[in-house]
Amino acid sequence: MSTSPSTLEAALGNVPVEFRTRIVEIYRSLKSAYSDHQFDACGLRAGKLSEVLLRYLQHELTATHVPFGTKITNLTDECLRIERLPAAAGHESFRVLIPRALNFAYTLRNKRDIGHVGGEIDANEIDAATVIRLMDWCISEVIRVTLAVPLEDAQAVLDAIAERQVPLVWAAPGGRKRVLDPSLTQADQALVLLYGDTETAIPVEDLADWVGVKRLDTFRSRVVLPLHDKRLIEFDSESRTVILSPTGVEVAEAVLRRVRPSV
């Protein structure tokens, strides 16, 4: 089950538009980054979402908030200020639970940096999964508390948010990658596969194998060269490698939005 942007916007209908628009946009980009295994981007986007949610809590509980465009110098201190507010200020989730979740997510993003390198175990994916679940919970709590839609509709949104996301690209054993939507054209599959690492040139033989084309000459003539001519990829005939161009990145993102509706 997926949650369309309009459904999520409707569920957050009692959240003022200046906060709601930002929450939906950043949340969608966060979930998209996680699905595409861009774990370092997850940390950055979770940090931005935490700052927007904090401003929303400030607005709801104190009728004022740090203006957008003004840096929040210490998110931990701001969360603690909210937690110290009297019970009469607002719902306990807004005063205590969500601020603690935001503080942890923000601390994890800063101290671990999600895109960190080194050590014996690469914890990027684990860290990213943690902030994803924290942000899922925070959004779900906002929906539950504000309840701008009928209970059954709100429950459907909550269930969709809580559902585990399956990435479109699967890293199979042995280094092979697969696009899990076989309805995509070979060209679209190639763009999506290259989108996973825009800084690395991929051997044409590997890309053909990942797409599932057995005849390399056919793949090169029908997929690689047309994409190269459209400037969506750069094909190096000497090294026999391909890499996604900036224009190709835009087209790949359009494909991803089309086949995997964002929450």
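**Group meeting: a walk through the predicted model**

Let me begin with Leu8, which is buried, its relative accessible area being 1%, and which is found in helix α1, residues 5-11. I should say at once that what we are looking at is a predicted model, and I will try to keep that in view as we go along. Leu8 also gives us a link across the chain, for Leu8 and Ala154 are 146 residues apart in sequence, while their C-alpha atoms are 9.2 Å apart in space.

From there I would like to turn to a pair of helices. Two packed helices are described by the angle between their axes and the distance between the axes. For helix α3, residues 39-62, and helix α4, residues 75-83, the axes come within 11 Å and cross at roughly 30°. Angles under 35 degrees count as roughly parallel, and α3 and α4 are therefore described as roughly parallel to each other. As for the hand of this arrangement, the crossing of α3 and α4 is left-handed. If you look at the residues that meet there, α3 brings Ser50, Glu51, Leu54, Leu57, Gln58 and Leu61, and α4 brings Leu75, Glu78, Cys79 and Ile82.

Cys79 in that list leads to the matter of the cysteines. How many disulfides does a search of the whole structure find? The search finds zero. Cys79 is in no disulfide, and the nearest cysteine sulfur to its own, that of Cys138, is 9.5 Å away; a disulfide would need the two sulfur atoms to be within 2.5 Å. Seen from the other side, Cys138 is likewise in no disulfide, with the sulfur of Cys79 as its nearest cysteine sulfur, at 9.5 Å. As to their surroundings, Cys79 counts as buried at 3% relative accessibility, and Cys138 is buried too, with a relative accessible area of 0%.

Next comes Glu141, which lies in helix α6, residues 124-146. Is Glu141 buried or exposed? At 9% relative accessibility Glu141 counts as buried, and its side chain makes a polar contact, at 2.4 Å, with the side chain of Ser93. Once we leave aside the neighbours within four places in sequence, the residues in contact with Glu141 are Ser93 and Ile98.

I will finish in the loops around the strands, where two arginines deserve a careful look at their backbone. Arg231, found in the loop between α10 (216-229) and β4 (233-236), has a positive phi of about 65° although it is not a glycine. Arg240 lies in the loop between β4 and β5 (241-244), and its phi is near 55°, again a positive value in a residue other than glycine. With regard to accessibility, Arg231 is exposed, with a relative accessible area of 53%, whereas Arg240 counts as partly exposed at 34%.

What does the side chain of Ser245 reach? Ser245 sits in the loop between β5 and α11 (246-259), and its side chain reaches the backbone oxygen of Arg231 at 2.6 Å. Setting aside sequence neighbours within four places, Ser245 is in contact with Arg231, Leu232 and Ile233. So we have Ser245, which counts as buried at 12% relative accessibility, in contact with Arg231, which is itself exposed at 53%.

Notes: Residues numbered from 1 in each chain as written. Predicted model: local features only at pLDDT ≥ 70, side-chain atom pairs only at ≥ 80, totals over all residues. Heavy atoms only, no water. Helix = DSSP H or I, 4+ residues; strand = E, 2+ residues; numbered from the N terminus. Buried < 20%, exposed > 50% of the residue type's maximum accessible area, 1.4 Å probe, protein only. Polar contact = N/O pair within 3.5 Å; in protein donor to acceptor, adjacent residues only side chain to side chain. Contact = heavy atoms within 4.5 Å. Axes fitted to C-alpha atoms, helices over the stretch in contact; angles between N-to-C directions. Parallel < 35°, antiparallel > 145°, perpendicular 65-115°, else oblique. Left-handed = near helix turned anticlockwise from the far one by under 90°.
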